[in-house]
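Student: I should like to work through this structure by question and answer. Could we begin with how the chains are divided, and then proceed to folds, contacts and individual residues?

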Amino acid sequence: MSVDSPRAEFFGGVRAELPLLLGVVPFGLIFGVLGLAVGMPGWAVVLSSSLVFGGSSQVVFAQLWGAGTPPPVMVATVGVVNLRHLLYSAAVAEYLRGLPWRWKLLLAYLLTDEAFAAAIGRLRDGPATAHRHWFLCGTGFTLWAGWQLSTLGGVLLGAAIPENWSLDFSIALTFIALLVLSVHRRSDAWAAIAAAAVVLPALALPHKLGLLVAAGVGIAVGLLMARFDGKKP
Amino acid sequence: MSTTALLLTMAACGLVTFLIRLSFIAFGHHLPDDPRISAVLRYVPPAILGALIAPEIFMIGGSLNAAPDNPRLWAALVALLVARLTRSVLATIAAGMAALWVLQGWLG
């Protein structure tokens, strides 16, 4: 087996992704439990993991659905929560240029936070071989499989986890960890603080528009505060 | 919401998410390369995460609790500190949950 074979690249991706599953599996379990808790049918909770396939946005979807939000607002909010994937799409695009359409569609479907994080180093800094897209396929598929299984596990375990363990709090904790990783400049932190401050009163807005309004205010504050950041590194 | 409406809404959410991920991979050469767009995009992750976190900490059972006897507030601060020190998702979850359990026992 040559180092550049599709198989070697694919399993290289699998190996790069496995450590990240340590954080993903508990999140999937909790999402399964949470989906049932807000009243979603079990099949819908499991189906959302393959249809939407984006952890934070699925949690938001479940919360909004439980609160009886109008569908257009749900779709818009999920879109905003997943808008950061534009950045990933832009970052991997140059390495996937020239691939057939079926590859582009498959890799776009598999492009999540964790699959991107584990693959971008290989794509950017590794050798520019003909089979390197298999590496992203390996990280993406591993995450996909782990996410489906852990969601299913959460739905099956759902009733068995005692409520007084407060496991739902681990969703906030996952978001806190992701937030710290996404803050690189002072203005990033201001965007987060402003959105957090606005969202609490904004939750009272009709049609559950609060999350969208808060995100918009956070982005605006970040842009305003950008002038106080130090020079670009 | 009916089963059909739930399915359709979920499918629409999936389609929007897929198109966002496909955007530059498939249509990169047609998309505008405007620095103002990337400037807006870079604030999406911190803003949306801030807006997702605050209700999880302060809204308990549908009502606001920002008082110092809210154990989630202190557990979140512990998690924030651990996240900054370790930059590890798993360590953040472990420290935050441990802090919450200790505080819930203590604050009653």
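Student: Into which domains is chain B divided, and how many Å apart do the C-alpha centres of domain 1 of chain B and domain 2 of chain B lie?
Tutor: This is a predicted model. In chain B, domain 1 covers 1-31 and domain 2 covers 45-107. The distance between their C-alpha centres is 31 Å.

Student: What is the radius of gyration of chain B, set against that of a compact globule of 108 residues?
Tutor: The C-alpha trace of chain B spans about 60 × 40 × 25 Å along its principal axes. For a compact globule of 108 residues, a radius near 13 Å would be expected, but chain B has 20 Å.

Student: In what order do the elements of chain B run from the N terminus on?
Tutor: Chain B contains five helices and two strands. From the N terminus on, the order of these elements is α-α-α-β-β-α-α.

Student: Among contacts in chain B between residues at least 6 apart in sequence, what percentage join residues at least 24 apart?
Tutor: As to burial, 40% of the 108 residues in chain B are buried. Of the contacts in chain B between residues at least 6 apart in sequence, the share joining residues at least 24 apart is 35%.

Student: What are the corresponding contact percentage for chain A and its pattern of elements along the sequence?
Tutor: In chain A, 75% of the contacts between residues at least 6 apart in sequence join residues at least 24 apart. The chain has 11 helices and zero strands. Read along the sequence, its pattern is therefore written with helices alone, as α-α-α-α-α-α-α-α-α-α-α.

Student: Does the radius of gyration of chain A agree or disagree with that of a compact globule, and what is its value?
Tutor: Along its principal axes, the C-alpha trace of chain A spans about 60 × 50 × 30 Å, and 50% of its 233 residues count as buried. A compact globule with 233 residues would have a radius of gyration near 17 Å, so the value for chain A agrees with that expectation: 19 Å.

Student: Which helix of chain A provides the largest share of the side of domain 1 that touches domain 2 of chain A?
Tutor: Chain A is divided into domain 1 (6-164) and domain 2 (183-228), with 25 Å between their C-alpha centres. Their contact takes eight residues from domain 1 of chain A and six residues from domain 2 of chain A. On the domain 1 side, six residues are nonpolar, two are polar and none is charged. The largest share of that side, four residues, comes from helix α4 (residues 71-81) of chain A.

Student: Which helix of chain A gives the most residues to the side that touches chain B?
Tutor: The contact between the chains involves 69 residues of chain A and 56 residues of chain B. The chain A side divides into 51 nonpolar, 15 polar and three charged residues. With 14 residues, the element that gives the most is helix α9 (residues 169-182) of chain A.

Student: Which elements of chain A have the lowest and the highest mean pLDDT?
Tutor: Chain A averages a pLDDT of 90, and 97% of the residues score at least 70. Among its elements, α9(A) has the lowest mean, 88, and the highest, 97, belongs to helix α6 (residues 101-109) of chain A.

Student: Is A:L29 buried or exposed, and why?
Tutor: A:L29 lies in helix α1 (residues 6-37) of chain A. Beyond four places away in sequence, A:L29 touches A:S150, A:G153, A:G154 and A:L157. A:W147 is 118 residues from A:L29 in sequence, with 8.7 Å between their C-alpha atoms. Because A:L29 has 23 C-beta neighbours inside 10 Å, and the cut-off is 20 or more, it counts as buried.

Student: Which residue of chain B does A:G54 touch?
Tutor: A:G54 is found in the loop between α2 (42-51) and α3 (55-66) of chain A. A:G54 counts as buried because it has 26 C-beta neighbours inside 10 Å. The C-alpha atoms of A:G54 and A:A160 are 25 Å apart, with the two residues 106 apart in sequence. Not counting residues up to four places away in sequence, A:G54 touches A:N82 and A:T112 and, in chain B, B:T17.

Technical notes: Residues numbered from 1 in each chain as written. Chains lettered and ligands numbered in written order. Predicted model: local features only at pLDDT ≥ 70, side-chain atom pairs only at ≥ 80, totals over all residues. Rg over C-alpha atoms; globule rule 2.2 N^0.38 Å. Buried ≥ 20, exposed ≤ 12 C-beta atoms within 10 Å, placed from the backbone. Contact = placed C-beta atoms within 7 Å. Nonpolar A, V, L, I, M, F, W, Y, C, P; charged D, E, K, R; others polar. Domains from an automatic or database assignment. pLDDT = per-residue confidence, 0-100.
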